[in-house]
Amino acid sequence: MKSDQVVARARKLSRPYRITQGSTFRLKDFNPDDTGEFTVEDKPRAVSALQSGVEALTKLQDVLYASDRWSVLLIFQAMDAAGKDSSIKHVMSGVNPQGCEVHSFKAPTSEELDHDFMWRCMTRLPQRGRIGIFNRSYYEEVLVVRVHEAILRSQKLPPALVTKRIFKDRCEDIRNIERYLARNGVAICKFYLHVSKKKQKERLLERIEKPEKNWKVSAADAGERAYWDGYMTAYEEAIQRTATGDAPWYVVPADHKWFTRLVVASAVVETIAALDLRYPEVDAAKRKELVRAKRALLGSP
Ligand code: ATP
Ligand code: MG
């Protein structure tokens, strides 16, 4: 398949899940079990489409790196076991590690708590020409911190600043910072991997049953399920308040991992392709230099 066909297909596959305007967004309109145009029997066709997407991404990343102007920031947020890690692994399997960095953000350290909430993420933004992946991010500040207000109290903020509006204000700050980044050449794509509570239970149980997956699960994961509805409200409002044309959210169905990966890969392909990048032009001076280099190489032993 030609590369412009792959890009057109990527666009078609990812668009239904792309949110650029939060005001009309409702989480209930998105089904975690959705597999788009594919039935479960079509899985091999989806896997082959993912393969073409990954190959397209390899080429797009090469131009991104060579042109050295834009950077790409991919943010992954989700409930536990929604498939963040495996999506990152599959989608980035064709990417040159030299041009890509993944950062996972856990509960903040004491050094991080001595700074504003954006600080730790801002120090890890991708350089021009690179892809940066945030496995969780500053969005945790309006998600887990909102669901567990005790975390907010441990954040060392001046008490007068801890108001009822704090999460709304944080979303406004996030929106402004993302606009600032976009204006500086950072193409941002945010993924919420939307898994159902039932599928999460299955996957957590599987992690307990399979010894090689035991390391991934903790008692706290089961406990967090009690806060499910609170998380859903927090995700819905965070997406409503921060989905913009500069930094769209993709609400990706996550009950079928093969489809999740395909939608994520498609969104990344579409985002980089839309930058319309070119390899740097070779000017007359550079061309002369290349001719000299060729002559020297041919004349050498
Ligand atoms: P998996 O899906 O495999 O469990 P994970 O991303 O959940 O991966 P963990 O090590 O299980 O990785 O969890 C990281 C934890 O850190 C999450 O529960 C997340 O909510 C928490 N966390 C991240 N950022 C913050 C923050 N700013 N404040 C408090 N907790 C945070
Ligand atoms: Mg976890």
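**Ligand 1 and helix α9: a short tour**

Hi everyone, let's start at the ligand: a polar atom in the side chain of D80 sits 2.7 Å from an oxygen atom of ligand 1. Keep in mind as we go that this is a predicted model.

So who else is around that ligand? There are 14 residues around ligand 1, and those that come nearest are D80, K84, K106, R136 and E140. D80, then, we have met already, through its 2.7 Å pair.

Now look at the nitrogen side of the story. In the side chain of E141, an N or O atom is 2.9 Å from a nitrogen atom of ligand 1. R120 also has a side-chain N or O atom placed 3.1 Å from a ligand 1 nitrogen. As for how much of the ligand is covered, ligand 1 taken alone exposes 640 Å², and the protein buries 79% of that.

Let me move on to helix α9, residues 197-209. Its 13 residues reach 18 Å from the first C-alpha to the last, close to the 18 Å expected at 1.5 Å a residue.

Which residues of α9 are buried? They are Q200, R203, L204 and R207, so you will find two arginines named in that set. These four lie on the same side of α9, because they cover an arc of only 100° around the axis. Turn to the other side of the helix and you find K198 and E209 exposed.

And what covers the buried residues of α9? The cover includes three helices you can pick out on the screen: α10 (219-224), α11 (228-242) and α12 (257-273).

That's my tour, thanks for listening!

Terms used:
Residues numbered from 1 in each chain as written. Chains lettered and ligands numbered in written order. Predicted model: local features only at pLDDT ≥ 70, side-chain atom pairs only at ≥ 80, totals over all residues. Heavy atoms only, no water. Expected span 1.5 Å × (residues − 1). Buried < 20%, exposed > 50% of the residue type's maximum accessible area, 1.4 Å probe, protein only. Arc of directions from axis to C-beta. Contact = heavy atoms within 4.5 Å. Near = heavy atom within 4 Å. Polar contact = N/O pair within 3.5 Å; in protein donor to acceptor, adjacent residues only side chain to side chain. Areas by Shrake-Rupley, 256 points an atom, 1.4 Å probe, with all protein chains shown as cover.
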